[in-house]
Amino acid sequence: MLTVATGNKAVAAAVKQACPSVVAAYPITPQTEIVEQIAEYVTSGELKSQYIPVESEHSAMAACIGASVTGVRTFTATSSHGLHYMHEMVNWAAGARLPIVMANVNRALGPGWNIWAEHTDAFQERDTGWLQVYVASVQEAYDATLMAFRIAEHESVLLPVMVNLDGFLLSHSMQPLETVEIGDFIPPIRLPHAIDTAHPMGYGTLTGPDQYFKLRWDIERSMRDSAGVIRQTEDEFAKRFGRRYDAVEKYQCDDAEVVVVAMGTLGKEAEVAVDLLRNEGVPAGSMRIRWLRPFPRLDLSGRDVVVIDRDYSFGFGGVIARSLAATERAKPFSVIAGLGGQEVTYDDIAGFVRSRRPGEEYWFGVMPDV
Amino acid sequence: MTDIPREEYILKCTSACAGCSDSLTLRYVLKAAGPDTVLVVPACCTSVIQGIYPNTAMNIPVYNVAFAAAAACASGMSAAFKAVGRKTNVIVYAGDGGTVDIGIQALSGAFERGTDFLYICYDNEAYGNTGMQRSGSTPAGARTTTTPAGKGQTKKDLDAIVAAHNPPYMATACASYPKDLFSKVQKALSIRGPKFIHVLSPCPPGWRYSSERSVEMGRLAVRSGMWILYEREFGKVTINGPSKAAMIKPVPLEEYLEPQGRFKGISPEARALLRSVAERNAQRLKKEEEGIC
């Protein structure tokens, strides 16, 4: 069905169709509309879930953990400070191998209070064992949320998945949305280690140095296997519903001599910049990284690379720029832009490309124009 | 009253300290709850005494969870069981630190939401697992590793905080009175909604008394009026027999304090503080029982 919706409403619509048994959530700007909409669905009976209006995000994730370990489907949503308040339990969910799905509406961290888009909130959770996908449209927020349940619950994965959408730029923007009849796209959940009082087990028992590392390796093994499950799921989604996604969305890259790499809505904005540059005769392309974990390969060899990071790791650099320096041996022009919702237009992005200085870092709006 | 079943759900291979009354409490709690029960345990002595993975001394499913998270985790579990129509008991089994301090927000949230579960706080009046540091539940005058001169403040009134949530059932207990503990757990589990049992849990290494005296220490706590056994069912308070007797003819406070190294050299001021808190609690409960307040 074709309709118009915000990113938040699109996530809620997908959750309704995935029909989790338990939703536990705490409101935070700009995620609030997701939990309000789900509460509305539950109250009206459209969604048969137990809705737990918890008193904090730490408890939101703890409640999802308690529910998930009984073997039922669970969902929560948060943003920024909320994500960080639940950080301890974010680790716990992955370590406990629970396929919880969470929407995170990317927002900057205080102080000062800032409610606008930035990726640092979720990037700081990148080592927790969660799969993370970043979307660039309302449609993609819906599609990625549906796929997240199937990927998380796959027997080769059994890890939680975080669906990230840019605060306000997507969470509060109205765009066309085509919903689908999901049929059996998300199979019934089957958690092999679900609590069963007929076969009692200890969960999270004290684990010594002789065993703990094996469990860590097991997470990494599943993280590696998840890349194949993601591909399979995205193929199946394309086959059934006609919309195709990849770990990296490449635009005009075949003959590109310079490639812009970005995530979320900036990745989409970069495509407009590429059109602009091509009109000027610059052979530009763009790559929008969708999955931060598992981190994809990009094939940047032999091209100039401009990376736009809407995030920063103090004392180190832009997380994507530094990651690509490690994984692709890239020597990118590292642009730090869009922090705290700073406006970045396609004109600005084209400017970064025109005046790129490989190997250097440039803070947009802070340093003199390049 | 039904007989206490012979089935054991905490087996003979725990790594509890000698004379640990936590394991004794757990034994009767689980006998009362039976096998269709999940225990949610935050960081506390019970996280350790289960044993080390891949082994466990527990014969029911135990979900170990982060320190502040027990009541919230149980909320999720209880909701999930409700969603699929399962009647499994969900019991949080948490120490005093995980209840009165770091876990109190989650506890308050779960009770306010009317979560169908039983929360048991076994209270050894300090952070036992980390080697006896003060908690909000440490009584005045008690020496801990972070109050080497004795705690200057009184014990946080956890029961008053829980009572403010108006749960359908709350009680105090002590494993030195096993039948009382057993029947309170059974009664709690027969009621829907959030239930609470606060269990005094004497701790030989922490309180510094000889390990064969745990049962006796619990009894002395009750007989001296330092621990009052009572129930509050749908708001109606009943002071239980042993505490009724203690209110008429208590044993001197000194008999409870003297065997405990943690109270060695307690100041007259701290001793007076302990006495006044005990008297205030007794007066309040008596008035509540009589329906005066």
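How many residues of chain A are in contact with residues of chain B? Select both sides: 34 residues of chain A touch 41 residues of chain B, where contact means C-beta atoms, placed from the backbone, within 7 Å. Before going further, note that this is a predicted model, in which local features need pLDDT of at least 70 and side-chain atom pairs count only at pLDDT 80 or more, while totals for chains, interfaces and linings use all residues. Residues are numbered from 1 along each chain as its sequence is written, and chains are lettered from A and ligands numbered from 1 in the order in which they are written.

**Stop 1: the chain A side of the interface**

Stay on chain A and colour strand 2 (22-24), strand 3 (50-52), helix 3 (57-68), helix 5 (87-95) and strand 9 (202-203); these are the elements that give two or more residues to the side touching chain B. Helices (H or I, at least four residues) and strands (E, at least two) are DSSP runs, numbered from the N terminus. Helix 3 of chain A supplies the largest share of that side, with eight residues. Colour by class and you get 18 nonpolar, 14 polar and two charged residues. Here Ala, Val, Leu, Ile, Met, Phe, Trp, Tyr, Cys and Pro count as nonpolar, Asp, Glu, Lys and Arg as charged, and the others, Gly among them, as polar.

**Stop 2: the whole of chain A**

Zoom out to 11 helices and 16 strands. The C-alpha atoms of chain A fill a box of roughly 70 × 55 × 45 Å along the principal axes. Chain A has a radius of gyration of 20 Å, which agrees with the value near 21 Å for a compact globule of 370 residues; the radius is taken over C-alpha atoms, and the globule rule is 2.2 Å times the number of residues to the power 0.38.

Now split chain A into domain 1 (2-241) and domain 2 (248-363), bounds that come from an automatic or database domain assignment. Their C-alpha centres lie 27 Å apart. Where they meet, 27 residues come from domain 1 of chain A and 19 residues from domain 2 of chain A. On the domain 1 side, pick out helix 8 (212-241) of chain A, one of the elements giving two or more residues. Helix 8 of chain A gives the most, with five residues.

**Stop 3: chain B and its helix 3**

Over to chain B, with 12 helices and eight strands. Of its 293 residues, 56% are buried, meaning that 20 or more other C-beta atoms, placed from the backbone, lie within 10 Å of the residue's own (exposed is 12 or fewer, partly exposed in between).

Select helix 3 (residues 70-83) of chain B: 14 residues, reaching 20 Å from first C-alpha to last, close to the 20 Å expected, which is 1.5 Å times one less than the number of residues. Buried or exposed, how is helix 3 of chain B placed? Mostly covered, with 12 of its 14 residues buried, including B:Cys73, B:Met77 and B:Phe81. Just after the helix, click B:Gly85, where phi is positive at about 75 degrees.

**Last stop: a helix pair**

Add helix 5 (residues 104-112) of chain B, which packs against helix 3 of chain B at an angle of about 35 degrees, axes 7 Å apart. Axes are lines fitted to C-alpha atoms, for helices over the stretch in contact, and angles run from 0 to 180 degrees between N-to-C directions. Show B:Ala70, B:Ala71, B:Ala72, B:Ala74 and B:Ser75 against B:Ala106, B:Leu107, B:Gly109 and B:Ala110. This contact has seven nonpolar, two polar and no charged residues.

Conventions
Contact = placed C-beta atoms within 7 Å.
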